[in-house]
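The questions below ask how particular terms are earned, and each answer sets a value beside its definition before drawing a conclusion.

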Amino acid sequence: MTTLKVVIIMARCSHSKQSFGIRMEEKLPNQWIADWAFPIKEAAAQREGYDKSQIAGSFSVDDTYPGCPYCEQKSFVKCGGSLFSRCNKVSCGGEQGSFHTCPWCGTKAQISGYIENLSAGKDL
């Protein structure tokens, strides 16, 4: 019997700034697929430990992924990737090349590159 490897990523809506969780499943080794999203309060997410471990690999979105529960955006971005002070947190986001303001820390930057790792917690 194969055990599913499932984690929850804590995220924030870029428009409403409300928190939500992204359920990700490891379909193949180091290949993570987002397949569900749900509203969650930050205090509850902290109690659940949704930021206590790291996952790495490639990240994509399943066709069934409903998107952000507040604005329905189906893509997500991670703040970070440079020498400047950035928070490394996740939010719903736009397309490569578009400009984005992080709803966590207010950093404004052009979306570029690929996510290589994320903070996550186990979905028990």
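Q: What makes the approach of the Ser14 side chain to the backbone oxygen of Cys92 a polar contact?
A: In this predicted model, a polar atom of the Ser14 side chain lies 2.4 Å from the backbone oxygen of Cys92. A polar contact is a pair of N or O atoms within 3.5 Å, where within protein one atom must be able to donate a hydrogen and the other to accept it, and residues adjacent in sequence count only if both atoms are side-chain atoms. The 2.4 Å separation is within that limit, so the pair is called a polar contact.

Q: Why is Ser14 called buried or exposed?
A: The relative accessibility of Ser14 is 18%, and the scale used calls a residue buried under 20% relative accessible area, exposed over 50% and partly exposed in between (1.4 Å probe, protein chains only). Ser14 therefore counts as buried. Its place is the loop between strand E1 (6–12) and strand E2 (19–28), where helices (H or I, at least four residues) and strands (E, at least two) are DSSP runs numbered from the N terminus.

Q: Which residues does Ser14 touch, not counting residues up to four places away in sequence?
A: With contact meaning heavy atoms within 4.5 Å, Ser14 touches Ser91, Cys92, Gly93, His100 and Pro103.

Q: How do you know whether Gly93 is buried or exposed?
A: Gly93, found in the loop between strand E7 (90–92) and strand E8 (99–101), has a relative accessibility of 5% and so counts as buried. Beyond residues up to four places away in sequence, Gly93 touches Ser14, Gln73, Ser75, Phe76, Val77 and His100.

Q: What makes the case for calling Asp35 buried or exposed, and which side chain does Asp35 meet in a polar contact?
A: Asp35, placed in strand E3 (residues 31–39), has a relative accessible area of 14% and is therefore buried. Its side chain makes a polar contact with the side chain of Arg23 at 2.5 Å. Leaving aside neighbours within four places in sequence, the contacts of Asp35 include Arg23, Glu25 and Asp62.

Q: Why is Trp104 called buried or exposed, and which backbone oxygen does its side chain reach?
A: The relative accessible area of Trp104 is 19%, so Trp104 is buried. From the loop between E8 and strand E9 (108–110), the side chain of Trp104 reaches the backbone oxygen of Val90 at 2.8 Å. The residues that Trp104 touches, not counting those up to four places away in sequence, include Met10, Glu42, Cys87 and Val90.

Q: How many helices and strands does the protein chain have, and why is the chain called as compact as a globular protein of its length?
A: The protein chain has 1 helix and 10 strands. Its radius of gyration is 14 Å, close to the 14 Å given by the globule rule for 124 residues, so the chain is as compact as a globular protein of that length. The radius is taken over C-alpha atoms, and the rule is 2.2 Å times the number of residues to the power 0.38. Buried residues make up 40% of the 124 residues.

Q: How should the numbering and the values be read?
A: Residues are numbered from 1 along each chain as its sequence is written, and side-chain values use heavy atoms, with hydrogens and water left out. Because the model is predicted, local features need pLDDT of at least 70 and side-chain atom pairs count only at pLDDT 80 or more, while totals for chains, interfaces and linings use all residues.
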